[in-house]
Structures are given as C-alpha cells and as structure tokens.
Amino acid sequence: MSVGTAGQAVTAYALGVVIGGPLVTIATARLPRKGLAPGLMLLFAAGSALSAWSPSFPVLLAGRVVSSLSHAAFLALALMTAMRAVPAERVGRAIATVVSGFTVATLLGVAVGCAAG
C-alpha cells in the first residue's frame, strides 16, 4: 500500500471529526453528562478495535470514522466539564489543562504508534 493510500485513514478520521463530531454533539446534547463520557469512549474503543482487526482497507476506514465520531463530542464535553468544575477565575487554566492533555496524548500516541509500526 502506498503512503498516500495509507494517509486516507488519517483523512477519514479528520473528516469524521469535522463532519460527524458536531452532529454527534448536537444529538447527545440532552443526554446526562455522567453517562455520555464513558459512552463516547466506548464508541472510540469500538472504532479502534474495528480498525485494529480490520480484514480490509475499507473496514479500516470505517473503523477510523467510527472512532472519529466521538472525538469532537468528547472534547466539547471535556471542556464544558472543566469549565464547570472550577471557579470563574480559573476557567482559562482548566481549558489549558484539557487541551494540553489532548496534545500530549496525540504526541505520545504518534510516537508509540510509529515505534510499534
């Protein structure tokens, strides 16, 4: 498989985040937050498992899209929860902490993925 073809898995994930993420966020807006976070993580895990054990490239792409659907909704939920958990004067720091966590997870995930590959 060419690098360009493999890169389509990244594009599929990104499109899922950009298009599906807001739709999932809107669809789950009225659900209780306490159960929503684990549900979104289960959706992510299911898509990741599908990707990991995919027998073909189209199934891999489908798994990437399933995983991506939880990404934007979970980020919105994490930011909202962080903002509500702290006093008003600490909201900026809470948001920075959440975003830093996503950044570190991405950096470590790429490094570990490259090493495993």
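A single aromatic pair is found in the structure, which is a predicted model. The partners are Phe74 and Phe102, whose ring centres lie 6.3 Å apart with the planes at 50°, so the pair is tilted. In this scheme, planes under 30 degrees apart would count as stacked and those over 60 as edge-to-face. Phe74 belongs to helix α3, while Phe102 sits in helix α4 (residues 91-116), so the two rings tie together parts that are 28 residues apart in sequence. Neither ring is hidden from the surroundings in full: Phe74 has 22% relative accessibility and counts as partly exposed, and Phe102, at 25% relative accessibility, also counts as partly exposed. The cut-off helps in reading these values, since buried means under 20% relative accessible area.

The setting for this pair is a helical chain. Four helices and zero strands make up the secondary structure of the protein chain, giving the pattern α-α-α-α when read along the sequence. Along the principal axes, the C-alpha atoms fill a box of roughly 50 × 30 × 20 Å. Of the 117 residues in the protein chain, 21% count as buried. Among contacts with a separation of 6 or more, 65% come from residues 24 or more positions apart.

Helix α3 also takes part in a packing arrangement with helix α1. Here α1 (residues 3-27) and α3 (residues 57-85) pack at an angle of about 40°, their axes being 6 Å apart. That angle makes α1 oblique to α3. The crossing of α1 past α3 is right-handed. On the α1 side, the contact is made by Thr5, Gln8, Ala9, Ala12, Tyr13, Gly16, Val17, Gly20, Gly21, Val24 and Thr25. The α3 side contributes Phe57, Leu60, Leu61, Arg64, Val65, Ser67, Ser68, Leu69, His71, Ala72, Ala73 and Ala76. Sorted by class, the contact of α1 with α3 holds 13 nonpolar, nine polar and one charged residues. Arg64, one of the α3 residues in the contact, belongs to the charged class.

Ser68 offers a handy view into this contact. This serine lies in helix α3 and, at 0% relative accessibility, counts as buried. Leaving aside residues up to four places away in sequence, Ser68 touches Ala12, Tyr13, Gly16 and Val17. These four residues are also listed on the α1 side of the contact between α1 and α3. Helix α3 thus appears twice in this account: Ser68 of α3 is part of the contact with α1, and Phe74 of α3 pairs with Phe102 of α4.

Terms used
Residues numbered from 1 in each chain as written. Predicted model: local features only at pLDDT ≥ 70, side-chain atom pairs only at ≥ 80, totals over all residues. Heavy atoms only, no water. Axes fitted to C-alpha atoms, helices over the stretch in contact; angles between N-to-C directions. Helix = DSSP H or I, 4+ residues; strand = E, 2+ residues; numbered from the N terminus. Parallel < 35°, antiparallel > 145°, perpendicular 65-115°, else oblique. Left-handed = near helix turned anticlockwise from the far one by under 90°. Contact = heavy atoms within 4.5 Å. Phe/Tyr/Trp six-rings, centres within 6.5 Å; stacked < 30°, edge-to-face > 60°. Buried < 20%, exposed > 50% of the residue type's maximum accessible area, 1.4 Å probe, protein only.
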